[in-house]
Amino acid sequence: MKTIQRYRFVLILVIVFVIFYSYQPGSGYFETVDEIFSMVAGKPINASFPIVFYQSAYVDYRFDPPRLLIYTLNPCLKNNQLLLADLHFDEDNSAPVRKNIYGKPMDGYCPSIFIPASSCFYVPHTFSIALKPNEDPKKVTLFLDNRKVELDVQKVYKKSTEGITVCLQPVYYYSQWQNIVLYIEAWRAQGATRFIVNFHSATKETWKVLEYYRDLGLIEIKSWPSFPSLPADIADKYPKIDNSVYVLSYFMAMNICILDIKTTIGTVADFDEVMVPKNGRLVDYATKEMADANVGALYFENNYVLFTPKIYTSNFSGVASPKFQTTAKHTKADGALLHFRYSPRYRDLETTEKSFRFFPGDQSAHIKNMHDTAQKIFNGSIPTFSSKYYDALQKCLSKVDPVEDKVCRSTSGICREEMDEVADWVYDKSEPLFLVAS
């Protein structure tokens, strides 16, 4: 009988992200799928199907038996479509083992039931199959008729290092560098030990801040560039991927980042989100709350935070006594998500005072540190903040929002021309992370 180990890696998540990890050991879903599809004849995906593959496959040893995971972007699958794969187990070119691998959309629906993503042609998918105990693939070759693509293999093990890892959704057209200073310093004070930043584009000032923290060894900047073109013979038959995938396929980026977490606690949080307990440090609070084996995640009530003066003046003194706005009626945890959005979504909410603070202990020492850090990053000449970059992005998105059920909110594609007119952006120029069969 097949057994599934309990998934003991825990996440601190805002409620909107609770479902982002689309499958968990213990669900039994993929075992059922494997058994059902092994009884019916599947149809291999062919070279005319518009699909691109993340450059690495993963073997997840938190499952028993381990599972092979392959990530793709493609339109909705028919029930019997599959990937034809050769698994290579040795470096000496011994005969590979052929597998039929079936997939499902990451969020469980295709097309997405999330309205801004419902019109997107390309949807992130996970193809998965259970491996036998002695199967340890070193490489995977996928066949689409006479074309093929080769993926390297990364391994995922149970998380054992103490600490908090913070995953960032793809950073694109980002200009609020002050947010990053507050974010990194606050999360560090709360016990974060590693930051993984998926990078697409930002202003030069923002890039300078990211470089500073990268060079200190505090953050890892991982490429998340534009998506590749489909093979020439089918490219003109389908939309460009950049123009029809929801917000740089952030959902896939989150899933991949989670696999890269090596600490016992992890979360996904934007550059304007910090989670804090009422007392002490987040890492200590979370470790205590999650000592119970039945606790796998903590929920934090969302609170919009206002500063006086605004941090975009490069004066962080307002962080000491923020004001709060919230739509929630209660919280299930003794903590809060502090959401310092540039322009709060709910302007008509009542402004209140609460005891939550970004930093444990002495606020003034941390605020001075942020001032000193900004001075150091910009060599004593701090740039004046301009909202024109943020405003330009919002203006572009405002054209999409009224028709969001008919237009895919594919930010990197639909807004690039307009954004290039307002700034000389630092773009990730690496080779595409996604591969096409050739």
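Leu248 is buried, with a relative accessible area of 0%. This residue of the predicted model sits in the loop between helix H4 (232-235) and H5. Its backbone is marked by a phi near 60 degrees, a positive value in a residue other than glycine. Tyr173 shows a positive phi as well, near 45 degrees. The loop that holds Tyr173 runs between S11 and H2, and Tyr173 is buried at a relative accessible area of 4%. Most residues other than glycine have a negative phi, and most peptide bonds are trans.

The backbone also has cis peptide bonds to describe. One of them leads from Asp64 to Pro65, with omega near 5 degrees; Pro65 belongs to the loop between strand S4 (56-60) and S5. Another leads from Thr308 to Pro309, with omega near 0 degrees. Here the proline is part of the loop between strand S18 (301-306) and strand S19 (323-325).

The elements named so far, S11 and H5, come up again in the disulfides. A disulfide is a covalent bond between the sulfur atoms of two cysteines. The whole structure contains 4 disulfides. Counting bonded cysteines along the chain, their pattern is 1-2, 3-7, 4-5, 6-8. Three pairs are described here in turn.

Cys167 and Cys257 are bonded with their sulfur atoms 2.0 Å apart. The link of Cys167 and Cys257 is left-handed, with -90 degrees about the S-S bond. Since Cys167 is in strand S11 (residues 161-171) and Cys257 in helix H5 (residues 250-260), the pair ties together parts that are 90 residues apart in sequence. Cys167 counts as buried at 1% relative accessibility, and Cys257 counts as buried at 3%. Cys257 has a further relation to strand S12, where Asn198 is placed: the C-alpha atoms of Asn198 and Cys257 are separated by 8.5 Å, although the two residues are 59 apart along the chain. Asn198, at 7% relative accessibility, counts as buried.

Cys76 and Cys110 make up another pair, with an S to S distance of 2.0 Å. The link of Cys76 and Cys110 is left-handed, with -95 degrees about the S-S bond. Cys76 lies in the loop between strand S5 (67-74) and strand S6 (81-88), and Cys110 in the loop between strand S7 (97-105) and strand S8 (123-130), so this disulfide ties together parts that are 34 residues apart in sequence. Cys76 is partly exposed, with a relative accessible area of 32%, and Cys110 is partly exposed at 26%. Strand S7 also contains Val97, which counts as partly exposed at 31% relative accessibility. The C-alpha atoms of Val97 and Glu135 are separated by 9.5 Å, with their positions 38 residues apart along the chain.

The third pair is Cys120 and Cys408, also with an S to S distance of 2.0 Å. The link of Cys120 and Cys408 is right-handed, with 85 degrees about the S-S bond. It connects distant parts of the chain, 288 residues apart: Cys120 is in the loop between S7 and S8, and Cys408 in the loop between helix H8 (388-400) and helix H9 (411-414). Both cysteines are buried.

What remains is the interior. In soluble globular proteins, nonpolar side chains tend to be buried together. The largest nonpolar core has 61 residues, and Leu182, Tyr183, Trp187, Val319 and Phe358 touch the most other members. Elements that give two or more residues to this core include S11, helix H2 (177-189), strand S12 (192-199), helix H3 (204-215) and strand S16 (273-277), together with helix H6 (282-289), strand S20 (335-339) and helix H7 (363-377). H2 supplies the largest share, 9 residues.

Packing can also leave gaps. Rolling a probe the size of a water molecule over the atoms shows where empty space is left. The structure holds 1 cavity of 30 Å³ or more, and the largest cavity has a volume of about 60 Å³. Its lining consists of Ala47, Phe49, Ile51, Leu144, Arg147, Leu230, Pro231, Ile234 and Ala437. These residues divide into 8 nonpolar, no polar and 1 charged. Where does the largest cavity lie with respect to domain 1 and domain 2? Domain 1 (38-156) and domain 2 (161-378) both give residues to the lining, so the cavity lies between them.

Conventions. Residues numbered from 1 in each chain as written. Predicted model: local features only at pLDDT ≥ 70, side-chain atom pairs only at ≥ 80, totals over all residues. Heavy atoms only, no water. Disulfide = S-S within 2.5 Å. Helix = DSSP H or I, 4+ residues; strand = E, 2+ residues; numbered from the N terminus. Buried < 20%, exposed > 50% of the residue type's maximum accessible area, 1.4 Å probe, protein only. 1 Å grid on protein atoms, 1.4 Å probe; cavity = no way out; pocket = protein on both sides within 12 Å on 5 of 7 lines; lining within 4 Å. Points joined across faces, edges and corners; volume = space filled by probe spheres on them. Nonpolar A, V, L, I, M, F, W, Y, C, P; charged D, E, K, R; others polar. Domains from an automatic or database assignment. Core = buried A, V, L, I, M, F, W, Y, C linked by side-chain atoms within 4.5 Å.
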